[in-house]
Structures are given as C-alpha cells and as structure tokens.
Amino acid sequence: MRSVTFWTALPLLLAAALLIPPARADAPPPAPPEAPGPEVPALARAWPVGSRPPVLRGWRPPPTVYGPGHRGVDLAAPPGSPVRAVAPGRVLFAGRVAGRGVVSLELRGTDLRTTYEPVRASVGKGDEVTAGEVVGTLEAGPHCGPASCVHWGLLRGGTYLDPLSLLPPWLLNTGPSRLLPVQPA
C-alpha cells in the first residue's frame, strides 16, 4: 500500500484552492427572495398633508434588506401642518424613535401599515382613527434638507412598498377636471 506524502498531495490541494471560492465573513447573507405579495389596494381617502402636496423625493426600494434606497415618499409641508391618516386604522405606535416623532398605523382590513415622521403625535397606541383624521402635527426636521416635509412610508410585513400606490386615481390627478362638449346625436 502506497502512502501519500505532502509533495504528492500538493498539486491536488492547489487545484482545490483555485477552484473553490474563499468564504467571506464580511458580506451579509443575501436576503431570501420574497414571493410577490398581493396588489396594494387604493384605499386611501386623503393625503397625509394638504391636498396634492409636492413630492420632494419619491419611493426607491432598496436592492437588499440593508441596502441604500428611499423607503417612502417625502411630501412638502410647513412645520405645524396637520398630519392625517390616509385610511381608517389603528395606531400601532406613537412616540419618538432616534429623536424623531413617529406615528405608525395598521390599516383596517389589510396587512398594511403606514408610518409618518417627523410628527408630534396627537393619538396614542391602540386608538382607532378614520381616514382624514389628524394623527399629529409636522415637526421641523433635517430629513429634506432646507425644505420641510413629512416622510410617509408603507409596509407589508417587513417589506417596504410605494405609499403612493394607496391613493386612488382621483387623488393622484394633478390637474383640474375638464368638461368636454357632447356632440348632438
């Protein structure tokens, strides 16, 4: 029986080292692919601030769980503006997170929740709210730079979605209604 020496095994070890990629401890594991959820129902009945406020920064989903992106939309409004629930629901959280006021609502009859920040809450955990009801007032904050805005988010479980998808077409229209003449028959 022939014994294997270091010198005879060396070519095999080198070939294995070149063919097998090294493990890296600094890279997080990739996020598991999520099955696409059901469509977001257009159940909102009000904008969070004003009526058709300018969108200063749109939703940009992150490519990975911890990747860069914008997990909501920034709507222009002056500090002190009332912030309203876009749809009926229940307050899940109303308080401060990292020095900013946050209100989070579970939308009635769905698996969705919305978030609003920076907001000085006028509601408390467990309160039931209706669409258009004031949940707090907009605080000044650095999120939008020199402009003032409310950051409006939408989540299903741990997945961020575009909050504008909650708005029905009649709330998204940007111009006035126009009546066209009807041609006689």
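1. In what order do the strands of the open sheet of 3 strands stand, and is their pairing parallel or antiparallel? In this model, which is predicted rather than determined by experiment, the order is β3-β9-β7, and the pairing is antiparallel. The strands at the edges are β3 (82–84) and β7 (119–121), each of which has a single partner strand, so one side of each is left without a neighbour in the sheet. Neighbouring strands of this sheet are turned against each other by 40° on average, with direction ignored.

2. The pairings within this sheet can be followed residue by residue. Between β3 and strand β9, which covers residues 134–138, there are 3 bridges in the antiparallel sense. Arg-84 stands opposite Val-134 in β9, and Val-83 has Gly-136 of β9 as its bridge partner. On the β7 side, the antiparallel pairing with β9 also rests on 3 bridges, and here Val-119 has Leu-138 in β9 as its bridge partner. As general background, the strands of a sheet pair through backbone hydrogen bonds, in either a parallel or an antiparallel manner.

3. For the chain as a whole, the secondary structure amounts to 2 helices and 11 strands, and a reader who follows the sequence will meet them in the pattern α-β-β-β-β-β-β-β-β-β-β-β-α. Of the 185 residues in the chain, 31% are buried, while the surface that the chain exposes comes to about 11,900 Å², with carbon and sulfur atoms supplying 63% of it. Of the contacts in the chain between residues at least 6 apart in sequence, 62% join residues that are at least 24 apart.

4. Strand β5, residues 100–107, deserves a separate look. Buried here means a relative accessible area under 20%, and 6 of the 8 residues of β5 are buried, so this strand is largely enclosed by the rest of the structure. Strand β4 (residues 89–97) is joined to β5 by 8 bridges, and the two run antiparallel; in this pairing Val-97 stands opposite Arg-100 of β5. The two strands form a hairpin with 2 residues between them, and Ala-98 in the turn has a positive phi of about 55°.

5. Strand β5 also pairs with strand β6 (residues 112–117), to which it is joined by 4 bridges, again in the antiparallel sense. One of the residue pairs in this arrangement is Leu-105 with its bridge partner Thr-114 in β6. Here too the strands form a hairpin, now with 4 residues between them, and Gly-109 in the turn has a positive phi of about 75°.

6. Thr-159 lies in strand β11, which covers residues 159–161. With partly exposed meaning between 20% and 50% relative accessible area, Thr-159 counts as partly exposed because its relative accessibility is 25%. Along the chain Thr-159 and Arg-71 are 88 residues apart, and their C-alpha atoms are separated by 9.4 Å.

7. A final point concerns enclosed space. Rolling a probe the size of a water molecule over the atoms shows where empty space is left. A search of the whole structure finds 1 cavity of 30 Å³ or more, and about 30 Å³ of space lies in the largest cavity. The lining of this largest cavity consists of Pro-118, Glu-139, Ala-140, Gly-141, His-143, Cys-144, Ser-148 and Cys-149.

Terms used: Residues numbered from 1 in each chain as written. Predicted model: local features only at pLDDT ≥ 70, side-chain atom pairs only at ≥ 80, totals over all residues. Heavy atoms only, no water. Pairing = 2+ DSSP bridges. Axes fitted to C-alpha atoms, helices over the stretch in contact; angles between N-to-C directions. Buried < 20%, exposed > 50% of the residue type's maximum accessible area, 1.4 Å probe, protein only. Contact = heavy atoms within 4.5 Å. Areas by Shrake-Rupley, 256 points an atom, 1.4 Å probe, with all protein chains shown as cover. 1 Å grid on protein atoms, 1.4 Å probe; cavity = no way out; pocket = protein on both sides within 12 Å on 5 of 7 lines; lining within 4 Å. Points joined across faces, edges and corners; volume = space filled by probe spheres on them.
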